[in-house]
Amino acid sequence: MKKYISLFVLSFVVSFAISQTNTYEISFENAVHHEARITASFPDLQGDTLTVRMSRTSPGRYALHEFAKNVYAFVATDSKGKVLPVKRPNPYAWIVTGHDGTVNITYTLFANRGGGTYSQVDETHAHLNIPATFMYAPALRERTIHVNFKPRADLNWKIATQLSHVSGTTFSAPNLYYFMDSPTEISNHQVRSFDLDGQTIKLSLHHYGTESETDQYFEQVKKVVLAEKAVFGELPNFDFGTYNFLACYIPNASGDGMEHRNSTILTSTRSLENGGMERNIGTVSHEFFHAWNVERIRPKTLEPFDFKAANMSGALWFAEGFTSYYTNLILCRAGIISPEKYVEGLSGAINYVWNSPARQFFNPIEMSYQAPFVDAATSVDPVNRENTFISYYSYGSVLGLALDLSLRNQGLHLDGFMKSVWEVYGKREIPYTIQDLHKSLIDYAGNDFGNTFFSNFIYTSGMPNYKKLLASVGVTITQDSTVPSFGANVFIRDDGTGLIRQNTKMGSAAYHSGLDKGDIITAINKTPLASGQKFPELIKQFSPGDILTVDFTRYGLKKSVTVQLQPSSSYSIQLQEKNGEIPDENILKNRTSWLKTN
């Protein structure tokens with residue numbers, strides 16, 4: 001009797017699960033005009049009304065994106081094909097009524113941006129970001145989803161995705177969130193893979209290069225994977241045992257990188273030839289590090305992910321910024337770039353952050369709060385980001401550098417801290433707060449160290465002593481006080497006038513003189529500008545302290561001001577050896593430890 005009941009219950013559960021599966025199909029007959037035709041079926045509905053909508057956000061992005069604007073030719077029917085009434089309560093939702101327990105929908109999607117946020121359909125590929133492609137029913141978010149991709153056989157397309165393979169061209173997601181987090185590349189791509197610790201790391205590369213270039217690039221990908229695994233001591237447990245790099249390096253792509261739970265989108269207009277490998281591999285390094293830091297070591301402020309509104313997180317200086325710190329460090333450890341190139345590459349981020357006036361307005365947490373306004377967000381009104389915003393990628397990156405070198409002076413290192421956070425939060429998938437990070441640093445490095453770092457550099461906008469920290473690994477940071485600074489981004493046009501293209505920097509010579517974005521410089525010291533001249537080279541003819549007479553027009557009116565040049569605040573970072581210094585044995589040992597796998 002028990003056996004009978006068990007079989008009956010099992011049969012009921014299986015049949016119920018099948019009826020509780022939402023199904024999609026997508027086809028690309030009109031790919032030449034960037035259209036996809038999508039159908040979806042939502043069976044076994046309760047009540048008279050079903051709401052379907054397009055997402056306004058996308059996993060990995062922090063701003064709103066109005067995907068509904070690209071949807072048209074929407075029709076809803078019941079199981080018998082009867083057309084159902086539809087209401088539009090807002091720009092993102094369709095309310096369907098009068099169904100018989102099933103709602104089927106069809107619509108057309110226009111898609112022509114091949115990056116990490118949007119979708120692109122043409123005769124080279126169907127590059128699909130799921131939230132930008134598929135409508136969903138919020139009330140049915142826990143249902144299993146099956147999607148049948150209909151690749152163009154005439155174009156030799158095949159399917160690459162982190163979704164679970166069911167059969168043929170049908171794939172499955174256990175729920176809505178996993179579905180939304182599963183980008184898919186359908187194209188004539190090349191595939192490489194290797195097994196590591198019982199899991200498969202795969203590269204699905206859509207490009208117009210050779211098989212040899214793919215092999216060479218994949219060797220670099222493997223080096224990155226191994227170097228990043230060494231930071232945390234192990235790979236994450238990838239769902240279905242596979243991680244897939246979905247790389248698309250073609251002329252019609254848009255440069256981007258976007259992490260997902262078991263895959264990442266990598267897009268660029270650069271091919272792998274003529275230096276493209278080295279320029280593209282940095283995105284591989286950044287996005288794969290996210291498999292730990294953000295996908296599993298995850299801020300509580302990103303959970304649950306909201307498909308209707310932007311999640312605001314104050315932890316992006318850690319989630320994105322510390323990941324950015326490791327991006328090039330990993331390439332150095334993997335032997336893809338030299339220590340010299342890595343060290344000199346630090347100059348850009350340190351100059352940007354250290355010299356920005358924005359630190360007077362926001363600390364790293366508050367800079368992270370700006371993400372909904374800057375993370376590929378769009379606006380038509382002018383903003384003052386040049387003076388009020390520092391990217392949390394760069395801000396967090398230079399703080400990661402400072403924390404790493406500070407820990408090394410204590411006989412510790414950032415790898416050890418990241419691994420400790422992984423063990424407590426990431427491996428167990430417990431979302432963290434900023435207070436949790438603070439406590440974790442105290443647990444790892446001691447009360448005084450943890451409190452000092454967070455008090456000085458996270459809760460406030462202080463800058464670490466980089467000169468002292470870099471000296472501990474045989475690196476110099478210097479300024480040249482003989483180089484003049486004007487303080488404005490000026491482009492000299494073909495007509496010999498100089499357009500100020502950005503807001504002038506607060507505190508700079510140009511700012512104090514009253515020059516502003518949009519002003520057109522016609523002469524300096526009564527000498528007209530020359531077509532083809534570079535403005536920074538023009539300014540280098542003078543010295544700090546020199547007073548220039550600048551003639552310009554604003555709104556068509558002629559004006560003139562005096563500008564007193566300041567010393568350049570830019571820093572140069574180099575190995576001590578390039579400055580003729582010889583680091584001692586201990587310093588070289590510290591450097592080697594820093595730039596190799598710990």
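How many cavities of 30 Å³ or more does a search of the whole structure find? In this predicted model, the search returns two. The largest cavity has a volume of about 60 Å³, and the second largest a volume of about 30 Å³.

The lining of the largest cavity consists of Pro59, Gly60, Tyr62, Tyr177, Asp181, Glu259, Val294, Glu295, Arg298, Leu302 and Phe305. Sorted by class, these residues comprise six nonpolar, one polar and four charged. The second largest cavity is bordered by Trp317, Phe318, Phe322, Leu403, Phe417, Leu437, Phe453 and Phe454. Its lining is made up of eight nonpolar residues, with no polar and no charged ones. Helices α5 and α14 each contribute at least two residues to this second lining; α5 gives the most, with three residues.

Helix α14, which spans residues 447-458, contains 12 residues. The distance from its first C-alpha to its last is 16 Å, close to the 16 Å expected at 1.5 Å a residue. Which residues of α14 are buried? They are Phe449, Gly450, Phe453, Phe454, Phe457 and Ile458. These buried residues lie on the same side of α14, because they cover an arc of only 115° around the axis. The elements that cover them include α5 (316-333), α8 (364-369), α11 (392-408) and α13 (434-445). Two of the buried residues of α14, Phe453 and Phe454, also belong to the lining of the second largest cavity.

His438 is located in helix α13. With a relative accessibility of 13%, His438 counts as buried. Apart from neighbours within four places in sequence, the contacts of His438 are with Gly450, Asn451, Phe454 and Tyr459. Among these partners, Gly450 and Phe454 are buried residues of α14.

A one-sided pattern of burial is also found in helix α18 (residues 585-594), where Ile587, Arg591 and Trp594 are buried. These residues lie on the same side of α18, because the arc they cover around the axis is only 60°. Exposed residues Glu585, Asn586 and Lys589 are carried on the face of α18 turned away from the buried side.

The largest pocket holds about 930 Å³ of space. Its lining is formed by 33 residues, and those nearest the centre of the pocket are Ser485, Gly487, Ala488, Lys505 and Ser570. By class, the pocket lining has 13 nonpolar, 16 polar and four charged residues. At least two lining residues come from each of α7 (346-354), α10 (385-388), β21 (484-485), α17 (535-539) and β28 (566-567).

Phe362 is placed in the loop between α7 and α8. Its relative accessibility of 23% makes Phe362 partly exposed. Phe362 and Thr388 are separated by 26 residues in sequence, whereas their C-alpha atoms are 7.8 Å apart in space. Thr388 is one of the residues that Phe362 touches. The others, with residues up to four places away in sequence not counted, are Met367, Gln370, Tyr395 and Ser461.

Some backbone geometries in the model merit separate mention. Most residues other than glycine have a negative phi, and most peptide bonds are trans. What kind of peptide bond joins Glu303 and Pro304? The bond is cis, with omega about -10°. Pro304 is part of the loop between α4 (276-289) and α5.

Positive phi values occur at Asp44 and at Tyr555, neither of which is a glycine. For Asp44, phi is about 50°. Asp44 sits in the loop between β2 (35-42) and β3 (49-53), and its relative accessible area of 30% makes it partly exposed. For Tyr555, phi is near 55°. Tyr555 is found in the loop between β26 (547-554) and β27 (557-564). Is Tyr555 buried or exposed? Tyr555 is exposed, because its relative accessible area is 81% and the term applies to values over 50%.

How values were computed: Residues numbered from 1 in each chain as written. Predicted model: local features only at pLDDT ≥ 70, side-chain atom pairs only at ≥ 80, totals over all residues. Heavy atoms only, no water. Helix = DSSP H or I, 4+ residues; strand = E, 2+ residues; numbered from the N terminus. Expected span 1.5 Å × (residues − 1). Buried < 20%, exposed > 50% of the residue type's maximum accessible area, 1.4 Å probe, protein only. Arc of directions from axis to C-beta. Contact = heavy atoms within 4.5 Å. 1 Å grid on protein atoms, 1.4 Å probe; cavity = no way out; pocket = protein on both sides within 12 Å on 5 of 7 lines; lining within 4 Å. Points joined across faces, edges and corners; volume = space filled by probe spheres on them. Nonpolar A, V, L, I, M, F, W, Y, C, P; charged D, E, K, R; others polar.
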